[in-house]
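This report introduces a protein model to a reader who has not met it before. Please consult the sequence and the structure shown below while reading.

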2 protein chains.
Amino acid sequence: MDIADLATRITSGDRRALARAITLVESGRADHRERAQALLAALLSNGRQALRIGLSGTPGVGKSTFIESFGMMLIGKGLKVAVLAVDPSSARSGGSILGDKTRMERLSRDPKAFIRPSPSQSTLGGVARRTREAVSLCEAAGFDVVLIETVGVGQSETMVAEMTDLFVLLMAPGGGDELQGVKRGIMEMADLILVNKADGDLEPAARRTCADYAGALHLLRRRPQDPEGFPKAMCVSALSEAGLETAWDEMQALADWRREHGFFDARRADQARFWFGEEVRRGLLARLDHDPALRQRMETLGTAVAAGEATVAGAVAEILAEIGARGG
Amino acid sequence: MDIADLATRITSGDRRALARAITLVESGRADHRERAQALLAALLSNGRQALRIGLSGTPGVGKSTFIESFGMMLIGKGLKVAVLAVDPSSARSGGSILGDKTRMERLSRDPKAFIRPSPSQSTLGGVARRTREAVSLCEAAGFDVVLIETVGVGQSETMVAEMTDLFVLLMAPGGGDELQGVKRGIMEMADLILVNKADGDLEPAARRTCADYAGALHLLRRRPQDPEGFPKAMCVSALSEAGLETAWDEMQALADWRREHGFFDARRADQARFWFGEEVRRGLLARLDHDPALRQRMETLGTAVAAGEATVAGAVAEILAEIGARGG
């Protein structure tokens, strides 16, 4: 299909066109890459903006159920919801989570929702680029909320926080000891901590856990991008759907405050700058792997260095001079 | 001074020439860098090899006292000992540890010893290169043992392990709980764990701690580069000098075994290859910072991306094409 055509169909909200476009940005083929770039550029002027929400939580906290309930609640308000997943383990194994859609049955069948599993890429950098580009495509397609789900593993969480407007941490009820297990870095990333499963027998435990987190958040220094009272800890139940409306109200309140005070746009600008720098560095280093002549030269010089026939410093100077002379 | 002259004087064991050469490799100036490269190349054929020992331990375990006692013991055996320090905190603050020499009074005055504090560089990569090159210079100067000391902080330890033949972890006596505090990664790097302060009142505690570490090491899978019984935990006392001879015997036994079985040379070859790759990548990325025209272009494109006037993908493609065309 023609790129201009694809862009028009995405803008008109065609979900099949969107799915196709995401497949295009996920491809590593050079010709696909060029078409993907052209498509993203064509959609840039479209100017639509979704609220990008990062959602993290370790397996077992009820993330899928939460996304299903939260997503359906948003749809009930007339909003369009896209869900993207980032799963580093799937990136490592090369497979993608196919279970997502069956775990979110109602949401996946709703015409106002769009669910896409994690891209299967071999590097976190690769996953980052594809996810970022998929977010842009979802925004261009007119989605109001883009949820980016990730499991509670350090680097992927940081990555998701670097491409979202809000970061939500979903937790399970537990004893006070649980608090120890939450890495300080993740607490500092969170805008909202939602303690899930505040229903039935677990409700008292959820309330206690929530109070513990609230206390811990209180000890963190207030960040300039937060209004009074944020970051916040709240109880929700994805099962009984209790607290979901309030959680959404809080997210909107926070986003609105940040928009009014310039932090919303500033964060997006910083993120764009950050990824630009990251991609340039990644692209530069990729040349070492992709250029066959350069790889051969690196191998030869590396062997000489390993054999003690050349110094590291000398071999490095040689290869850098060559890269310069050959124009990369 | 002429580089050939300097090389000759280093080879003849002139310590002032060695100190001067280390200052040269520590310099960031382009003309110094070129001279340093020439010097290292000139000394390459010299072919002398020291036993490179990495020594790590958190402040308070008695590292300086250990180096003083251990170094004097080696000198007593007719060996020449060089001590280099890697201190990331000194790298960060831009200063260097000046206390080293006064903390090792006997050793620093001995003509068969050479002590050099941590280079004050702004990046760990910079410290790594300078320290590696200083090791080469010490080897060329005929030192038999080069000790590289670092404080117990993750990344600098990995770096030191990547440039030494043996890695020794110095620990203080403590309750069994202490074991929890030692990161698994560091345990896995260690060839020898020495529990210091096995003297006076602390001796029973040191013995218990040592048994704990021995038990923990026993649980790790045996590495191909280790003979039966390694890695090993032992008690020493830097103060009473007990156990130092035995520790040295163990280090030699391990090094000899690795030499006989090819692991010694293989490790050095791997390390050389590793640093070559690292330096090439670092050098490539450094161009982004050092080339003024490129920096300007990155800034302009970054601003366009931040303002939403260009896509990340498009701006990245543009800058990479430019780097290629302009020859880096």
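The following sections treat the model itself, the sheet, the two copies, selected helices, single residues and the backbone.

**Basis of the report**

This is a predicted model, in which local features need pLDDT of at least 70 and side-chain atom pairs count only at pLDDT 80 or more, whereas totals for chains, interfaces and linings use all residues. Residues are numbered from 1 along each chain as its sequence is written, chains are lettered from A and ligands numbered from 1 in the order in which they are written, and side-chain values use heavy atoms, with hydrogens and water left out.

**The sheet**

Helices (H or I, at least four residues) and strands (E, at least two) are DSSP runs numbered from the N terminus. Two strands pair if DSSP finds at least two bridges between them. In chain A, seven strands with parallel pairing form an open sheet in the order E3-E2-E4-E1-E5-E6-E7. Its edge strands are E3 (113-116) and E7 (232-235) of chain A, each of which pairs on one side only. On average, neighbouring strands of this sheet are turned by 20° against each other, direction ignored; axes are lines fitted to C-alpha atoms, for helices over the stretch in contact, and angles run from 0 to 180 degrees between N-to-C directions.

Six bridges join strand E1 (residues 51-56) of chain A to strand E4 (residues 145-150) of chain A in the parallel sense. Within this pairing, A:Thr150 in E4(A) is the bridge partner of A:Ser56. Helix H8 (residues 124-140) of chain A packs on the sheet and touches E1, strand E2 (81-86), E3 and E4 of chain A, where contact means heavy atoms within 4.5 Å. The direction of H8(A) makes about 175° with that of E2(A).

A:Ser56 belongs to strand E1 of chain A. With a relative accessible area of 0%, A:Ser56 is buried; buried means under 20% relative accessible area, exposed over 50%, and partly exposed in between (1.4 Å probe, protein chains only). The side chain of A:Ser56 makes a polar contact with the side chain of A:Glu157 (2.2 Å). A polar contact is a pair of N or O atoms within 3.5 Å; within protein, one must be able to donate a hydrogen and the other to accept it, and residues adjacent in sequence count only if both atoms are side-chain atoms.

**The two copies**

A turn of 180° and a shift of 0.0 Å along the axis lay chain A on chain B with an RMSD of 0.0 Å. The two copies are thus related as by a two-fold rotation axis. Of the contact residues of chain A, 100% recur in chain B, and the same surface serves both copies. Copies are superposed by least squares on the C-alpha atoms of residues with pLDDT of at least 70 in both.

In chain B, strand E2 (residues 81-86) and E3(B) run parallel and are joined by four bridges. B:Ile115 in E3(B) is the bridge partner of B:Val83, and B:Ile115 counts as buried at 7% relative accessibility.

**Two helices of chain A**

The buried residues of H2(A) include A:Leu18, A:Ala21 and A:Val25. They pack against helix H1 (3-11), helix H3 (30-44), E3 and H8 of chain A. At the start of H2(A), a side-chain oxygen of A:Asp14 comes to within 2.9 Å of the backbone nitrogen of A:Arg16. At the start of H15(A), a side-chain oxygen of A:Asp291 comes to within 3.0 Å of the backbone nitrogen of A:Ala293. H15(A) is followed by A:Gly308, whose phi is positive, near 75°.

The expected span of a helix is 1.5 Å times one less than its number of residues.

| Helix | Residues | Expected span | Distance between end C-alpha atoms |
|---|---|---|---|
| H2(A) | 15-26 (12 residues) | 16 Å | 16 Å |
| H15(A) | 292-306 (15 residues) | 21 Å | 21 Å |

**A loop residue and the backbone**

B:Arg48 is found in the loop between helix H3 (30-44) and strand E1 (51-56) of chain B. At 36% relative accessibility, B:Arg48 counts as partly exposed. A polar atom of its side chain lies 2.7 Å from the backbone oxygen of B:Ala140.

Most residues other than glycine have a negative phi, and most peptide bonds are trans. The peptide bond from A:Phe230 to A:Pro231 is cis, with omega near -10°. Phi of A:Lys197 is positive, near 70°, and phi of A:Glu241 is positive, near 65°.
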